[in-house]
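Dear colleague,

I am passing on the structure below, together with some notes on what was found in it. Please read the notes with the coordinates open beside them.

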Amino acid sequence: MRTLGTFLFLVAFVAVLGGAAYFYFVGGGAENGEGGGSGPPVLVTLASIEERAFVDVIEAVGTAKANESIDITAKATETVSAVNFSDGQKVEAGDVIVEMTSREQSADLVAARAELNEANQNYERIKGLADKGFATKAQLDQAVAGRDSAAARVKALESRVADRLIRAPFAGVLGLRKVSVGTLVRPGDIITTLDDISLIKLDFTVPEGFLSALRQGMTVRVTVAAYPDRRFEGEVVGIDTRVDPVTRAVALRAEIPNPDALLRPGMLMTVALLNNQRTVLAAPEQALVPVEDRQYVFVATADNKVDRREIKIGARQPGFVEIVSGLKRGERVVVEGTMRLRPGANIRVAGEREGEGRRGKPEASGPRT
């Protein structure tokens with residue numbers, strides 16, 4: 001019985017002590033002027049409430065794609081006679097990448113051009129005779145047909161010879177070589193790849209709940225595992241017209257300039273889609289004194305005391321929090337020494353942080369997905 005009584009006494013004592021502390025710190029004696037200002041000054045550091053650029057961020061992931069990308073393939077069954085590139089080489093549109101054996105086609109082309117030359121001469125002769133009335137219209141038509149037939153044969157053979165010269169259709173970077181001189185290739189066999197990576201296309205999805213905030217031209221900031229300390233910036237160029245009925249997400253496409261060729265197709269990218277850029281009052285996050293679900297700060301007064309004030313906060317960004325209500329521009333709040341303060345306490349200012357609030361390039365104010 002003595003043990004139980006002692007236990008109940010301790011429980012009651014702790015409850016009373018906790019209630020007194022809550023009354024004192026949250027809304028009791030200290031706010032009514034009890035006890036706070038009679039002690040020695042507390043050494044604190046202050047910071048001014050100023051405007052700061054904020055922006056909301058919608059986070060997503062996506063996969064990088066080249067601006068243009070193709071597999072270079074053979075168009076005819078033939079052996080490779082020359083390889084004119086090395087792995088990873090940059091090429092311009094029209095550059096000959098690979099040459100195929102074409103001796104037979106080249107010989108046929110020479111013969112066809114000779115036949116075309118003869119057909120042209122025959123046509124000119126018949127046309128001259130027809131103009132003087134010494135050749136019939138049927139003879140002239142036959143000469144025209146012969147000339148056109150020879151010209152068509154030349155074009156066909158030129159096309160066959162051209163098919164044996166594999167050219168780059170656009171400027172870009174070639175991939176790994178998959179053939180050697182003497183390799184027999186067939187139509188569709190991959191010789192190498194060609195990617196235009198001067199611009200990276202990024203496709204990603206966001207939940208349909210953000211659809212009303214999406215628009216073309218929105219800024220995206222991208223990070224990749226290969227360069228963790230670097231951010232790449234681009235903009236949204238397209239928004240899909242449909243919402244996926246399974247994932248309830250909408251697809252977006254962004255374009256990211258890649259002048260240094262650091263980004264590669266296939267990379268997994270972490271995307272920060274910036275929205276609602278604005279300039280608002282902000283306080284250092286270190287100044288917040290949370291009590292249950294409320295947020296307080298200690299505001300320095302003109303007579304070197306502090307007033308504890310409840311505030312409403314909005315978005316956060318590294319080191320700062322948006323002030324929705326409760327503070328005005330220019331007011332000073334305690335950022336160091338809050339643990340030793342009570343409402344109405346005397347303070348001694350050890351220093352003030354400069355530039356805590358500032359205008360400038362907005363930082364992301366925290367993930368929204």
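Is Arg253 buried, partly exposed or exposed, by its relative accessibility? Please bear in mind, before the reply, that this is a predicted model. Arg253 has a relative accessibility of 36%, and because buried means under 20% and exposed over 50%, Arg253 counts as partly exposed.

The partner of this arginine is an aspartate: the side chains of Asp203 and Arg253 meet in a salt bridge, with 2.7 Å from N to O. The pair links distant parts of the chain, since Asp203 belongs to strand S9 (residues 190–207) and Arg253 to strand S12 (residues 249–257), 50 residues apart. Asp203 is likewise partly exposed, with a relative accessible area of 22%.

The two strands that carry this pair are also partners in the backbone, for S9 and S12 pair in the antiparallel sense over nine bridges, and Ile200 has Ile256 in S12 as its bridge partner. S12 pairs with S11 as well, again in the antiparallel sense, over five bridges, and here Ile239 has Leu252 in S12 as its bridge partner. Five residues lie between the strands in the hairpin of S11 and S12, where Arg248 takes a positive phi near 55 degrees.

Strand S11 leads to another of the salt bridges. Asp260 forms a salt bridge with Arg230, and the closest N and O atoms of the two are 3.2 Å apart. This pair, too, links distant parts of the chain, with Asp260 in the loop between S12 and strand S13 (268–284) and Arg230 in strand S11 (residues 227–243), 30 residues apart. Asp260, at 46% relative accessibility, counts as partly exposed, and Arg230 is partly exposed with a relative accessible area of 37%.

What, then, of the salt bridge between Glu322 and Arg278, and how far apart are the closest N and O atoms? The separation is 2.9 Å. Glu322 lies in strand S17 (residues 320–325) and Arg278 in strand S13, so the pair ties together parts that are 44 residues apart in sequence. Glu322 counts as buried at 13% relative accessibility, and Arg278 is buried with a relative accessible area of 18%. Salt bridges that share partners also join Glu50, Glu51 and Arg329 into one network, and the overall count comes to 14 salt bridges.

Turning to another sheet arrangement, four strands form an open sheet in the order S6-S5-S3-S8, with antiparallel pairing. The edge strands, each of which pairs on one side only, are strand S6 (165–167) and strand S8 (184–185). Strand S3 (residues 78–83) pairs with S8 in the antiparallel sense over two bridges, and within that pairing Thr79 stands opposite Leu184 in S8.

A last residue to look at is Leu43, which is found in strand S1 (residues 42–48). Which residues does Leu43 contact, once its neighbours within four places in sequence are left aside? They are Glu336, Gly337, Arg340, Arg348 and Ala350. For one of these, Arg340, the C-alpha atom is separated from that of Leu43 by 9.0 Å, although the two residues are 297 residues apart along the chain. Leu43 itself is partly exposed, with a relative accessible area of 38%.

With best regards

Note on methods:
Residues are numbered from 1 along each chain as its sequence is written. This is a predicted model: local features need pLDDT of at least 70, side-chain atom pairs count only at pLDDT 80 or more; totals for chains, interfaces and linings use all residues. Side-chain values use heavy atoms; hydrogens and water are left out. Buried means under 20% relative accessible area, exposed over 50%, partly exposed in between (1.4 Å probe, protein chains only). Contact means heavy atoms within 4.5 Å. Two strands pair if DSSP finds at least two bridges between them. A salt bridge is a side-chain nitrogen of Lys or Arg within 4 Å of a carboxyl oxygen of Asp or Glu.
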